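This report describes the fold and packing of a single model. The account begins with the nonpolar core and then proceeds to the sheet, the helices and selected residues.

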Amino acid sequence: ILNLAREAGCWYIYHAIYTISEKIKNRIKMYHDHGIAVEGTILLGMDDHTEDFIKRFIDFLLTIELDLAEFTVLTPFPRTQVFKQMSSEGRIFDLDWNHYNAATVVYMPKKMAPDVLQELYHEAWRRFYETESQAVKMGKLFMKIYKRSGKDRRVRRPVPPSP
């Protein structure tokens with residue numbers, strides 16, 4: 001399937017990553033082996049997340065060779081089940097809708113203080129992009145695709161008939 005996806009022009013996928021596992025690590029490698037880049041979307045602040053887990057999770061993410069990563073904080077958006085549950089438990093402490101942006105902690109996590117989760121969110125961004133900025137990583141990804149598309153065009157160009 002991945003060979004067909006690549007042949008059809010698939011060059012990039014957006015992959016949710018929410019846990020530490022060899023299965024995820026192997027899946028990322030498999031995509032790369034087929035020339036498909038991977039951006040991980042990483043959700044921090046689930047009820048089972050501890051400070052230690054998130055630190056280990058960030059370490060794990062640095063080993064699986066993601067091309068890009070987007071970190072978000074669990075956000076209990078209004079009218080969602082998560083909002084209803086957290087609200088009924090008295091865990092939502094910020095009702096300024098401008099803060100409901102997937103980057104600001106607006107609720108009381110179960111296993112850490114809100115300011116700890118907020119700092120871990122910033123640490124995840126810092127650590128993932130400390131050796132190369134997001135713009136540089138994106139530029140490298142686009143260059144790979146540009147080079148690949150040039151090769152594809154050369155292969156598909158029809159050969160003119162000989163005189």
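## Core, sheet and helix packing

The largest nonpolar core holds 39 residues, of which Ile17, Ile42, Leu44, Leu61, Leu66, Phe71 and Tyr107 touch the most other members. Two or more residues of this core come from each of S1, H2, S2, helix H3 (51–63), S3, helix H4 (81–88) and H5. The most is given by H3, with 6 residues. In soluble globular proteins, nonpolar side chains tend to be buried together. The model is a predicted one.

Tyr107 may be examined in detail as one of these core residues. Leaving aside residues up to four places away in sequence, Tyr107 touches Leu44, Gly45, Val73, Leu74, Pro76, Met86, Arg91, Ile92, Phe93, Pro114 and Leu117. Leu44, one of these contacts, is itself listed with Tyr107 among the core residues that touch the most other members.

The sheet is considered next. Three strands form an open sheet in the order S1-S2-S3, and the pairing is parallel. Strand S1 (12–17) and strand S3 (68–73) are the edge strands, each pairing on one side only. On average, neighbouring strands of this sheet are turned by 20° against each other, direction ignored.

Between S1 and strand S2 (residues 37–44), the parallel pairing extends over 6 bridges. Within this pairing, His15 has Gly40 of S2 as its bridge partner, and Ala16 is bridged to Thr41 of S2. The chain passes from S1 through H2 to S2 in a β-α-β crossover that is right-handed. The covered face of S1 consists of Ile13, His15 and Ile17, while Tyr12, Tyr14 and Ala16 make up the uncovered face.

Thr41 lies in strand S2. Its relative accessibility is 18%, and buried means under 20%, so Thr41 counts as buried. Apart from residues up to four places away in sequence, Thr41 touches Tyr14, His15, Ala16, Ile17 and Glu70.

Two helices lie across the sheet strands, and a third enters through a helix pair. The table collects the angles.

| Helix | Partner | Angle |
|---|---|---|
| H2 (residues 22–33), across S1 and S2 | S1 | about 180° |
| H5 (residues 114–128), across S2 and S3 | S3 | about 175° |
| H3 | H5 | about 10° |

The axes of H3 and H5 are 10 Å apart, and the two helices pack at an angle of about 10°. Angles under 35 degrees count as roughly parallel, and H3 and H5 are therefore roughly parallel to each other. On the H3 side, this contact is made by Glu51, Ile54, Lys55, Ile58, Asp59, Leu61 and Leu62. H5 contributes Val116, Leu117, Leu120, Ala124, Arg127 and Phe128 to the contact. Among these residues, Leu61 of H3 also appears in the list of core residues that touch the most other members, and Leu117 of H5 is also touched by Tyr107.

Finally, two loop residues deserve attention for their backbone angles. Glu65 is placed in the loop between H3 and S3. Its phi is near 60°, a positive value in a residue other than glycine. With 59% relative accessibility, where exposed means over 50%, Glu65 therefore counts as exposed. Ala102, in the loop between H4 and H5, also has a positive phi, of about 65°, although Ala102 is not a glycine.

Key
Residues are numbered from 1 along each chain as its sequence is written. This is a predicted model: local features need pLDDT of at least 70, side-chain atom pairs count only at pLDDT 80 or more; totals for chains, interfaces and linings use all residues. Side-chain values use heavy atoms; hydrogens and water are left out. Two strands pair if DSSP finds at least two bridges between them. Helices (H or I, at least four residues) and strands (E, at least two) are DSSP runs, numbered from the N terminus. Axes are lines fitted to C-alpha atoms, for helices over the stretch in contact, and angles run from 0 to 180 degrees between N-to-C directions. Contact means heavy atoms within 4.5 Å. Buried means under 20% relative accessible area, exposed over 50%, partly exposed in between (1.4 Å probe, protein chains only). A crossover is right-handed if, with the strands pointing away from the viewer, the path from the first strand over the helix to the second runs clockwise. A nonpolar core is a set of buried Ala, Val, Leu, Ile, Met, Phe, Trp, Tyr and Cys residues joined through side-chain atoms within 4.5 Å. Angles under 35 degrees count as roughly parallel, over 145 as roughly antiparallel, 65 to 115 as roughly perpendicular and the rest as oblique.
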